[in-house]
Amino acid sequence: MSPAASPAAKADPTAPLGAVQSRAVRRAGVGAWGAILLVIALVPVFADNPTITSIGVFTLIFMACASAWNGFSGYSGYISLGNGVFYGTGAYVLTYTAIRLNMSGGWSMFALVPLAGLGAAVVAIPFGFVALRVRRHTFVVITIAIFFVFQLLAFNLGFTGGSSGLTPPTPNWVGATFNNPFYYVAFGVLIFSILLFWGVRRSRFGLHLLAIRDDEDRARGLGVKVLRVKMTGFVLAAFVTGMGGAIFAFFVGQIFPQFAYDPVFDVTVALMTFFGGIGTISGPLLGALILEPIEQYLTIQYSIGSVYLIIYGVLFLLVLMFMPRGIVPSVGDWVRSLRARKWRQGDGGAVPVVVTPPAPENVPVGARGPE
Amino acid sequence: MSDLLVVDGLEKSFGGLQALSGCSLTLEEGSIGGLIGPNGSGKTTLFNIVTGYVRSDAGAVSFKGRPLVGGKPDQVFALGIGRTFQLTRIFARLTVLENMLVATQRREGWLRSMVRGSESTVEHERAMDLLAFVGLARLWDSSAGTLSYGQRKLLELAYVLIAEPSVILLDEPAGGINPTLIDEIRSRIVELNRQGTTFLIVEHNMEFVMGLCDKVTVMDMGCAIVSGPPDQVRADPRVLDAYLGSVEEASDDAGE
């Protein structure tokens, strides 16, 4: 790096996790993601195989939900295993409202998606008010407990239909392109989620979430209103997750308490994020993009719902062994060290002034969440 | 000069341990106050109560004539009381510059902080100026976790300064720091004090305290036992008894 000639002008506060990331690497990353998203957007045009678009809908929903999970838990270090509450609430809000309004299952149903997000966000307020007062392991346990309270409520409250579930109106779209509307709405929610949490990362508010992750009491002593910041992040994550749950309910066409409020969902969004790289913008997207299609494919192919768990296990072992911080940060380091080596060789062995990646000794800790 | 910070009869016990028992002291505006005493005499507890991290059992703290007891850390900071910690607390996974920007929201509303980018130009320049002031400017984009212990102390001082507090409480600013860096910190404190910032410093390095402070308060067993100019305190028999007996040797050593 150059000496501090005009450092303020070059200051770039968007580097994930406060790590130093070279601009070229970042630009390449943004370009690659632009291309990936473009390809994703074009999938239904070229692949009119409903199996593929169906896998696509689930993948997009999980990309959005993992990105939302990371947008709160990844930034703040508050590892929530209760985001299924928002997913389930979104699913029930859409289904219940559609039934009460006697809606026919057309495009107008998608107007309920933001409403479902709002419903989940409202639920996040009392949830966060209770859970966000405790930290770390206690927070994790409390979120799990609250999750099961909601599942239990869904089983027992009258308007949820109990264990026989609810059925939203079904659209009368034709078979081959039936999935496409869901696909594009899920894609829209995904783009919204990416932009939202990219904006959060760049804002003062996002900086406060990261400061809370590193040392909450210290942030408080610097004037950060920690409860308010945490609540806001939690509610934003809930909003996106609720929209994901709403699309899921409409797409699947039948919801039951144990699948809308699904403990596997809680774990999945967290694992996808850890897999891709917690605290980075692209980590959760990549994690979901890799894991969800595998899961869906195996489920469809072998019609045994749990084969994917074995593959999951193997993948996780591999990632944890070889890149414990997740794919994105590890690959980033790897690229940087390659570049540094090349640079040294090109320079005829001159003293390597630079591009030392930030000493990672304190980072792997963070990659596993708050200590 | 008026009294900026007044501590009156603070009491605090942790279980059976009486950390503070009726501690009182005053800090004049524009001065540098020193706070010394044996380990466990209640100095850090006093800091923690003033800055809202710990609640007192009894007693009062007032700042600029207004009562302060019961304030939360963020509220106390917003009033203009900054502090550093004995064991430095920086945001290890943020960059040095990002560390600087955490405290810039002091007068900012909640909605504004959400829509505003973290890198407004004015604040960047101010942050970079302060980093240059403490000599860390060239490390602006390093991860703060890679800084040395002394550099962390300087960073912690710098990011407190960015909110322009009227009084700064320093908890052992010279602890574990090499002599050159101690001089550095001393000169920074003097310079800031000249610009109008009031300081209260807890420190075991006698040379540092006696050379820097206008008034030194000595604490023992949770009470302020003596308070006065450094020379007077140094000679007070009660102080010699409680604390300086051992420290005279230390300062002799340091003088050689």
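This report walks through confidence, the nonpolar core and one helix pair in a predicted model.

## Reading the model

Residues are numbered from 1 along each chain as its sequence is written, with chains lettered from A and ligands numbered from 1 in the order in which they are written. Because the model is predicted, local features need pLDDT of at least 70 and side-chain atom pairs count only at pLDDT 80 or more, while totals for chains, interfaces and linings use all residues.

## Confidence in chain A

The mean pLDDT (the predictor's confidence in each residue, from 0 to 100) of chain A is 81, and 85% of its residues score at least 70. Residues 1-20 of chain A fall below 50, with 45 contacts (C-beta atoms, placed from the backbone, within 7 Å) beyond near neighbours in sequence. Where pLDDT is low, the predicted coordinates should not be read in detail.

## The nonpolar core

Let's turn to the interior. The largest nonpolar core (buried Ala, Val, Leu, Ile, Met, Phe, Trp, Tyr and Cys residues joined through C-beta atoms within 7 Å; buried means 20 or more other C-beta atoms within 10 Å of a residue's own) has 167 residues, of which A:Ala186, A:Ala246 and A:Ile247 touch the most other members. Helix α9 of chain A (residues 226-252) gives the most to this core, with 15 residues; helices here are DSSP runs of H or I, at least four residues.

Not counting residues up to four places away in sequence, A:Ala186 touches A:Val57, A:Leu60, A:Ile61, A:Ala64 and A:Ile247.

## A helix pair

In chain A, the axes (lines fitted to C-alpha atoms over the stretch in contact) of α4 (residues 84-100) and α6 (residues 136-156) come within 9 Å and cross at roughly 25 degrees. That makes α4(A) roughly parallel to α6(A), a label for angles under 35 degrees. Residues making the contact include A:Gly88 and A:Tyr92 of α4(A) and A:Phe147 and A:Phe150 of α6(A).

Conventions
Contact = placed C-beta atoms within 7 Å. Buried ≥ 20, exposed ≤ 12 C-beta atoms within 10 Å, placed from the backbone. Helix = DSSP H or I, 4+ residues; strand = E, 2+ residues; numbered from the N terminus. Axes fitted to C-alpha atoms, helices over the stretch in contact; angles between N-to-C directions. Parallel < 35°, antiparallel > 145°, perpendicular 65-115°, else oblique.
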